[in-house]
Amino acid sequence: MPLISAIICTHNRDSYLGAAIDSLLAQDFGDFEIVVVDNASSDRTRAVVESRSGVKYIYEPVTGLSVARNTGAQAASGQILVYLDDDAVASPHWLSVLYAAYRDNEKLAIAGGKVTLIWPLGYTPPPWLSEGLAGNLGAYDLGDNVVYIQNPGLTPRGLNYSIRRTFLERIGGFNVNLGRVGKKLLSNEELLMTEQALKLGWQVAYIPDALVGHNVAPERLNQSWFLNRSWWQGISEYYREEIAGRAGVGQLGRGSERLIRGLYKSLKYLGDPAQRFDNLVYTYGQIGYLTAAIQGILKLPTGAKLS
């Protein structure tokens, strides 16, 4: 059995996928396998995979990132499962660094590394993009030293993510109610995993040398994409609280307080385009959260129109 299984879950990203696979084929770590989970793609994904030798191709017809991750885990043989996004590029030492971390720490359940952004040709960061919103594009940097995560909000990014199989099996896999599903930008699945790991006495680590670059798609460099993502982030937070048994009327108070705080800061930073937009995005996410909370209280399906 390989020591590590490197897994790419992909959906209609054939233009990026080849570079992601090639970055794995160029690793300086010898004992690993590559598994690509095609999550109901309609483009040339299969051809891209099959044009490269030594890569296992799995088709998963049920859309959803968490579904695809679980499928990849089931198809993989390694005890350390490493997930790379289909639009990311791993540094040559990526697997070596992650494997050493797990080998040297039997209590380590989850680990991920630094993520830098790769801007499309001809693009530069827009003036309204704050450092915080750059995290929505995948940027992740907690410094140059190893950090053991205690705050779940600082959990490693899913595009550069690894997990010990025994821990994943103990908690029953990735929660399929969280994580992206098609155009529904649900998230928080990694945050929930960190909460579960810490609760069970495991450790979660940021390892800076496990470096990955993330391609920024041009269509994401507009304000409407950030607003839409924040809306779904709010809904994801509602789901996470529901899973934790914290759903109910109390969510209305929490969401309202955060919404007012976001509006206040938007006005406070009126002269700073990056901070102003950052807080507007945050506020919009709270509207999504409150909408989901009200629907939950009224027992309506999430996404239904309130009238």
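The following questions and answers look at salt bridges in a predicted model.

Local features are reported at pLDDT of at least 70 and side-chain atom pairs at pLDDT 80 or more, while totals for chains, interfaces and linings use all residues. Residues are numbered from 1 along each chain as its sequence is written, and side-chain values use heavy atoms, with hydrogens and water left out.

Student: How many salt bridges does the count come to?
Tutor: Side chains of opposite charge can pair when their charged atoms come close. A salt bridge here is a side-chain nitrogen of Lys or Arg within 4 Å of a carboxyl oxygen of Asp or Glu. By this rule the count comes to 15 salt bridges.

Student: Is glutamate 33, which pairs with lysine 56, buried or exposed?
Tutor: The closest N and O atoms of glutamate 33 and lysine 56 are 3.7 Å apart, and the pair links strand β2 (residues 32–38) with strand β3 (residues 55–59), strands being DSSP runs of E with at least two residues, numbered from the N terminus. Buried means under 20% relative accessible area, exposed over 50% and partly exposed in between, with a 1.4 Å probe and protein chains only. Lysine 56, at 32%, is partly exposed, whereas glutamate 33, at 15%, is buried.

Student: Which helix holds both arginine 240 and glutamate 237?
Tutor: The side chains of arginine 240 and glutamate 237 meet in a salt bridge at 2.7 Å, N to O, and both residues are buried. They are 3 residues apart, about one turn of the helix. Helices are DSSP runs of H or I with at least four residues, and the one holding both residues, spanning residues 223–243, is helix α8.
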